[in-house]
Amino acid sequence: MKKVLLLTIFAALMMISSAAVAQTTASGTLTVTATVTGSINLVFNSDASGLALSSGAGTNAATLAFGNVSAFGAISAGIVRSTTATNFTVSSAVDVLVTKTNSASANYTLKAQLGSADAVNTWTVGGVAVTNAAQSTLTATGTYAANSNFPVAITVPFTTASGTLISNTINYVATAN
Amino acid sequence: MLKKYISIMRGAALAALMLLCGASLPAQTTASGVINGSLNNTTGISIQFDSDPAGVTLGAAGTNAATANFGTVSAFGPLAAGVTRPSVTAANFTVRTIFDVQVIQGGLNSTTYTLTANLAAAAPTGMSYKVDAITLTTALQTIQVNGAYGTDIAHNLDLVILTAAPGAGGPAVNTPITTTINFTATAN
């Protein structure tokens with residue numbers, strides 16, 4: 001009889017103990033889902049041999065300001081000038097950096113296009129003429145994760161009036177191959 | 001003598017019966033009763049996940065088995081509403097959403113709770129998961145030690161994704177990657 005009583009008390013204590021544990025915790029699950037896709041990114045960097053980008057270095061919206069240029073006068077460091085009988089060309093090195101993530105792409109194609117027409121001056125990027133009519137391919141085998149110099153050049157006729165502001169936007173598009 | 005006694009008793013019984021009838025008439029307009037009720041007031045706490053205004057909308061919000069879908073994520077591409085990208089490095093990028101945890105208690109003297117979490121299984125290749133900057137593993141990690149009851153508490157959920165290509169240490173691409181995180185709230 002005494003053993004039965006002890007067992008009963010023990011069992012009751014066990015039940016109380018287990019109930020106490022269960023009552024002071026709560027659990028839940030959060031199921032998390034994401035779909036990863038590959039992507040590439042393009043930024044402009046100042047090239048050591050060219051003009052420093054006026055703004056936006058390290059981003060995909062930079063500004064390159066040549067300042068005052070002329071066929072024969074003083075020229076800023078970082079600008080390369082050449083002159084012919086009818087015009088002169090100023091050029092500055094500009095680095096393009098394309099990086100890839102989560103992609104097995106081996107290289108990229110880089111194209112450029114002027115934002116608006118320029119019937120007077122001639123624009124080239126990396127030695128390739130660019131207009132607003134269509135995209136021009138600068139390279140079909142760009143190397144990822146490396147600054148690649150694609151000099152921006154403007155050819156200005158001698159007939160251009162002094163003090164004329166020349167401005168345009170060059171749109172670049174890198175596509176993973 | 002006996003007849004007289006019987007007659008008196010009959011009269012007394014009749015009078016008593018009439019009194020009882022008379023007494024029962026007023027009792028018909030009132031009634032009373034007693035119910036002996038009992039309950040076992042068991043203590044306990046519960047946990048639920050709620051959508052945070054700054055995060056993605058949870059599936060099955062308000063329950064203890066919710067889902068959080070980041071949608072399509074990449075290092076540079078667009079992200080779904082409620083998803084941000086706090087960092088991008090050469091090695092990895094992080095996407096973040098915010099979710100709320102609400103723990104309710106009843107019958108306890110406890111004023112706060114401890115929240116722990118762990119991954120239900122090892123993280124998929126190229127992925128790691130953080131809650132409030134604590135990297136989760138399959139072992140329990142303490143997320144919060146002084147959670148307040150009865151209110152939504154926001155937590156950051158970060159996915160740190162390697163930028164390497166699939167097969168080179170990076171995660172699988174263009175396919176949903178699903179992981180379950182277990183949370184436990186314990187009354188302090």
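The legends below describe close-up views of a predicted model with chains A and B.

Residues are numbered from 1 along each chain as its sequence is written, and chains are lettered from A, with ligands numbered from 1, in the order in which they are written. As the model is predicted, local features need pLDDT of at least 70 and side-chain atom pairs count only at pLDDT 80 or more, while totals for chains, interfaces and linings use all residues.

**View 1. Elements of the two chains.**
Chain A has 1 helix and 12 strands, and chain B has 1 helix and 10 strands. Helices (H or I, at least four residues) and strands (E, at least two) are DSSP runs, numbered from the N terminus. In chain A the elements run α-β-β-β-β-β-β-β-β-β-β-β-β from the N terminus on; in chain B they run α-β-β-β-β-β-β-β-β-β-β. Of the 177 residues in chain A, 22% are buried, and of the 188 residues in chain B, 27% are buried. A residue is buried if 20 or more other C-beta atoms lie within 10 Å of its own, exposed if 12 or fewer, and partly exposed in between, with C-beta atoms placed from the backbone. Contacts between residues at least 6 apart in sequence join residues at least 24 apart in 66% of cases in chain A and in 65% of cases in chain B. Two residues are in contact if their C-beta atoms, placed from the backbone, lie within 7 Å.

**View 2. The open sheet of 5 strands in chain A.**
The strand order is β3-β4-β11-β7-β8 (chain A), and the pairing is antiparallel. Because β3 (80-83) and β8 (128-130) of chain A stand at the edges with a single partner strand each, one side of each has no neighbour in the sheet. From one strand to the next the twist averages 25°, where axes are lines fitted to C-alpha atoms and angles run from 0 to 180 degrees between N-to-C directions. At the β3 edge, β3(A) pairs with β4 (residues 87-92) of chain A in the antiparallel sense over 4 bridges. Two strands pair if DSSP finds at least two bridges between them. A:Thr83 has A:Phe88 in β4(A) as its bridge partner.

**View 3. Strand β6 of chain A and its two partners.**
Side chains alternate along β6 (residues 108-114) of chain A. A:Tyr108, A:Leu110, A:Ala112 and A:Leu114 point to one face and are buried, whereas A:Thr109, A:Lys111 and A:Gln113 point to the other and are not. In a regular strand the side chains alternate between the two faces of the sheet. β6(A) pairs with β9 (residues 136-142) of chain A in the antiparallel sense over 4 bridges, and A:Ser136 in β9(A) is the bridge partner of A:Ala112. With β12 (residues 170-176) of chain A, β6(A) runs antiparallel and is joined by 7 bridges; there A:Thr109 stands opposite A:Thr175.

**View 4. The interface between chains A and B.**
In this interface 23 residues of chain A are in contact with 50 residues of chain B. On the side of chain B that touches chain A, two or more residues each come from β1 (44-51), β2 (65-73), β4 (92-106), β9 (153-162) and β10 (176-187) of chain B. The largest share, 12 residues, is given by β10(B). This side of chain B divides into 28 nonpolar, 22 polar and no charged residues; Ala, Val, Leu, Ile, Met, Phe, Trp, Tyr, Cys and Pro count as nonpolar, Asp, Glu, Lys and Arg as charged, and the others, Gly among them, as polar. Strand β1 (residues 25-36) of chain A pairs with β2(B) in the parallel sense over 8 bridges, and A:Thr33 has B:Asn69 as its bridge partner.

**View 5. Surroundings of B:Phe70 in strand β2 of chain B.**
B:Phe70 counts as buried because it has 24 C-beta neighbours inside 10 Å. Not counting residues up to four places away in sequence, B:Phe70 touches A:Thr33, A:Ala34, B:Val56, B:Ala80, B:Val83, B:Val95, B:Thr97 and B:Leu159.

**View 6. The largest nonpolar core.**
Of the 37 residues in this core, B:Ala68 and B:Ala185 touch the most other members. A nonpolar core is a set of buried Ala, Val, Leu, Ile, Met, Phe, Trp, Tyr and Cys residues joined through C-beta atoms within 7 Å. Elements giving two or more residues to the largest core are β1 of chain A and β1, β2, β4, β5 (112-119), β6 (127-131), β9 and β10 of chain B. Another core, of 19 residues, lies apart from it and includes A:Ala112, A:Trp123, A:Leu138 and A:Ala153.
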